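User: Please take a close look at one part of this model, the salt bridges, and set them in their surroundings.

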Amino acid sequence: MEVKNLHHDVKIAYEQNFSDYKDTVPHLFHHNAFVILGNGLEAKIGSISSKFEYFHDWKRLEERDPGVVEMETLLKGVCSKGNLMDLFENYILFDESGGKPVKILARNHQFLGVNKAICAVESRKEREGKLGVFWHTQGSGKSYSIVFFTKKVHRRLGGNYTFLVLTDREDLDSQIYKTFAGCGLADNDKDPCRAISGTHLKSLLTEHKSVVFSLIQKFNKDVLPDEPYSKRDDIIVITDEAHRTQYGDLSLNMRTALPNASFIGFTGTPLFSDDEITKRVFGDYVSTYDFQRAVEDGATVPLYYDARGQKLGVATNDLNEKIADKLEAFEVDDVNVEQRLERELKRDYHIITAGNRLDQIARDFVQHYSEGWENGKAMLVCIDKITCVRMHKLIDFYWQEQIRKLETELRNITDDQEMIFSLRQLDWMKETIIAVMISEEQGEVDKFRKWDLDITPHRKLIKQGFPAQDGNRIDLESAFKKEDHPFRVSIVCAMWLTGFDVPCLATLYLDKPLKAHTLMQAIARANRVSEGKNNGLIIDYCGILKNLRKALATFAGHGDEGHGGTADDKDPVKPNEELLGQLIEAIQLASDFLIKQGFLLNKLFETEGFARNAAIIEAKEAVNENDQTRKRFEIMARTVLKKFKACINIKPEINELKIQKNAINIIYKSLERDREPADISHIMRALHLVVDESIKTEKLGVSERPQPPYDISKINFDRLRQEFNNSKTKRTTVQCLKSAIEERLKKLLRQNPLRTDFQKHYEQIVNEYNQEKDKVTIEKTFEALLRYHEDLDEEEKRAIREGLNQETLALFDLLVKPELSKNEINQLKKVASSLLESLKKEKLRIENWREKEATRDAVRQNIFDFLFDDKSGLPEKSYNDDEVKILSDCVFNHIYSAYPTIPSPYYDIAV
């Protein structure tokens, strides 16, 4: 638990403390369950592998609570004895499905919801096997909730339970199996658990498997009531997306085959108000977590909606309902969708797939996505497979055309910043890969050939994937999920619309009429949380807003128990106007803050040349009043930049805000640049590089090498003080000096853990500076920092005075104690040098020595033996056995921290 003072942002605990602990003392986290960051008022919880964006609030003690972000609520919900042990035992997973292990800690809503489902299992007989419907909106971790549920039942209620995980689509079945396998709860290769046929499914259910995965379509054989597959009453059927599979012969066969089983439905969308079938099968909701609450809690990002089809005149509003109905019926078996649509819809189908219409959409897509290129990945949803490949051909043509246009425009750019931005955009466009992702079917080569299309290269790519840097290949799914992979645009019609989580997917382009659950599932592809992602964006080309509102109006339970349990007509997607409003508000907050600090933002865009440079310096001086004012502005500026990026395609309105955003960005970037240099020479440049006359500059001869940077110790500090007194930017100079000293101090502390007095002294100087804001305090602080810098010089030179280097000085400081004779001190210096040399020659050269218990123990024992030895060790008369043991541990801790590799990264870098 890392707790900061009340006036500090919780993020400071992550960035300045927790992240550093993981680097310097990683062994502290070998047995860590979870991490709490707080400031006495707010608090967040996460795992050691979580980025800050994935640390989450704990807002509720009961699911019905409205929710409040308080440290008190989190401590009660997490640290009470019962909940602490429950979280530790049942709500931590290690998922390797992405290739490397990721630690997963249950979120508040998962913990509460799964525990309610566990209670339902305990009372399953009273419930007559109807465990309920578990509705947690898409993107809130439903797959992990299923894993938590099965894991806890096995652990707490008995290991004899068999879970049958049912879906109705191959991609969903694969996705949920991969999650179980990645978490170590299933391995089909070693212990078959995935049904490949109806006969195989029957066989699996006669065995005592812990979990079985199947499509409901595998219940394709009629079952006689007196010949069920199993009469066991400890089989629990988990139906993923419950509402789609609870009717017809398949469902009847399943129930006849498992007459005593219990049933629970997991769904990402709520049930229809008239969906009595699902209610009869499962009962009422056992847990609810709706779209709105997920956004409020930060479990998903908000979605925004742009009806571009209306603006382009290509929307198919009147046809949407008719086409959506047909698609819903045809896509069950995913065969000959195009021909059946064309046959039954006739003219309507040709309207939505007309060449001119697709051409307009392709042009707009390229324009829109290339302008918002920094926002993340994109998915374009088309009506059918043929249209997907047609769109790919059109988009590729206009993509190359846009590249040529940008290359032409580059010749006319004169502004350096604009040139850099345009070059980055051009490189991004040239790297970007656009690919089709559609399922395979018989006779597809001939089918596409009739449209003058070649499916062969697309199918080859889908099957073989992309070449990877290691010489292997990476499949399309994995590549699309990788934020840094250039596969950035996927064109789909049905695949990847359900059960496919890509956090970096920011924009969903829809040109396929959808309705009800399918529509809700599709738009939720863009609502996953990702670093730097402000929101998801839905671009609607066919006019689905009416269907979206209709779907929400007919959903039961919209607004969960914590919101009063009443239905309303809130859209889960928000219009551009709201997104733009958030940007305007963010800019206004930053502008008002600068006014309060005595600076008008318009000075930066109403001036040019030297006057503009002077305005930038004035703005920095205003912001740099103290640490708090600087941090507040930086937070505001980051918010503006994030909101602006999300609004990049809202035109023409965004153009009017670009000037103000750029002005804020100039100040922010200038503050960031002040932090980049890690030495005091940056301050010298800021103060006109005033150095002693002893530093001479001469022209280099042809064969001469450049001279090394000048020695900081030779700077004329009297001249420096004089320059500071004449400076108009005293606050900024103090901040720059602080940044340089902080970098230097950080490295000195890593080199020698006993330099904590320097840390305390520095913090005292900074605290006094932050408490007062007058001119005298600024000048007093500058003097104190200069003296402090001189003290650091003296500390660095101490190693030379002692006849040691920085590495051996650290060991010497750990071992030395008062009242030693001169001979004993000299002996200690030899001990420090010899011990370090011994360790570096052998034990520390073992690769990843800190990761293995055996090598850690060997290093620890080696240190103890060396220090305890009569010949090589500590002076026997002055150090007793207990002291040797304590000092051995101190030395080991330092060695562990400072020597992850040989040579040490901390001593290899000049201070």
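The answer should start from the whole chain and then go pair by pair.

Analyst: This is a predicted model, in which local features need pLDDT of at least 70 and side-chain atom pairs count only at pLDDT 80 or more, while totals for chains, interfaces and linings use all residues. Residues are numbered from 1 along each chain as its sequence is written, and side-chain values use heavy atoms, with hydrogens and water left out.

The protein has 911 residues, and 52% of them count as buried. Buried stands for under 20% relative accessible area, exposed for over 50%, and partly exposed for values in between (1.4 Å probe, protein chains only). The secondary structure amounts to 36 helices and 20 strands; helices (H or I, at least four residues) and strands (E, at least two) are DSSP runs, numbered from the N terminus. Of the contacts between residues at least 6 apart in sequence, 74% join residues at least 24 apart, where contact means heavy atoms within 4.5 Å. About 43500 Å² of the protein is exposed, and carbon and sulfur atoms supply 50% of that area. Accessible areas come from the Shrake-Rupley method with a 1.4 Å probe, and for residues only the protein chains shown count as cover.

Now the salt bridges. Side chains of opposite charge can pair when their charged atoms come close. The criterion is a side-chain nitrogen of Lys or Arg within 4 Å of a carboxyl oxygen of Asp or Glu, and the structure holds 36 such salt bridges.

One of them pairs Glu-374 with Arg-424, with 3.2 Å between the closest N and O atoms. Glu-374 sits in the loop between helix 15 (355-371) and strand 13 (377-381) and Arg-424 in helix 17 (residues 416-431), so this salt bridge ties together parts that are 50 residues apart in sequence. Glu-374 is partly exposed at 35% relative accessibility, and Arg-424 is partly exposed at 42%.

Another salt bridge links the side chains of Asp-501 and Arg-528, at 2.4 Å from N to O. Asp-501 belongs to the loop between strand 17 (487-492) and strand 18 (505-510), and Arg-528 to the loop between helix 21 (516-523) and strand 19 (536-540), so the pair ties together parts that are 27 residues apart in sequence. Asp-501 counts as partly exposed, because its relative accessibility is 33%, whereas Arg-528 is buried, because its relative accessible area is 7%.

The surroundings of this pair add some detail. Arg-528 is touched by Gly-139, which also touches Ala-299, Thr-300 and Asn-527, not counting residues up to four places away in sequence. Gly-139 is placed in the loop between strand 6 (130-136) and helix 5 (142-157) and is partly exposed at 24% relative accessibility. The C-alpha atoms of Gly-139 and Ala-524 are 6.8 Å apart, although 385 residues separate them along the chain. The loop between strand 17 and strand 18 also holds Trp-496. Phi of Trp-496 is near 70 degrees, a positive value in a residue other than glycine, and Trp-496 is buried at a relative accessible area of 3%.

A third salt bridge joins the side chains of Lys-885 and Asp-889, at 3.1 Å from N to O. Both residues lie in helix 35, four residues apart, or about one turn of the helix. Lys-885 is partly exposed at 43% relative accessibility, and Asp-889 is partly exposed with a relative accessible area of 23%. Elsewhere, Asp-306, Arg-308, Lys-311 and Asp-364 are joined into one network by salt bridges that share partners.

Some charged side chains form a patch instead. Asp-865, Asp-869, Asp-870, Glu-876, Asp-881 and Asp-882 make up a negative surface patch. Patches consist of residues with over 30% relative accessible area and no salt bridge; like charges are joined within 9 Å, and nonpolar side chains (Val, Leu, Ile, Met, Phe, Trp, Tyr) within 5 Å. Lys and Arg count as positive and Asp and Glu as negative, while His and the chain ends are not counted; the place of a charge is NZ of Lys, CZ of Arg, CG of Asp or CD of Glu. Within this patch, Glu-876 lies in the loop between helix 34 (853-868) and helix 35 (881-898) and is exposed at 63% relative accessibility.
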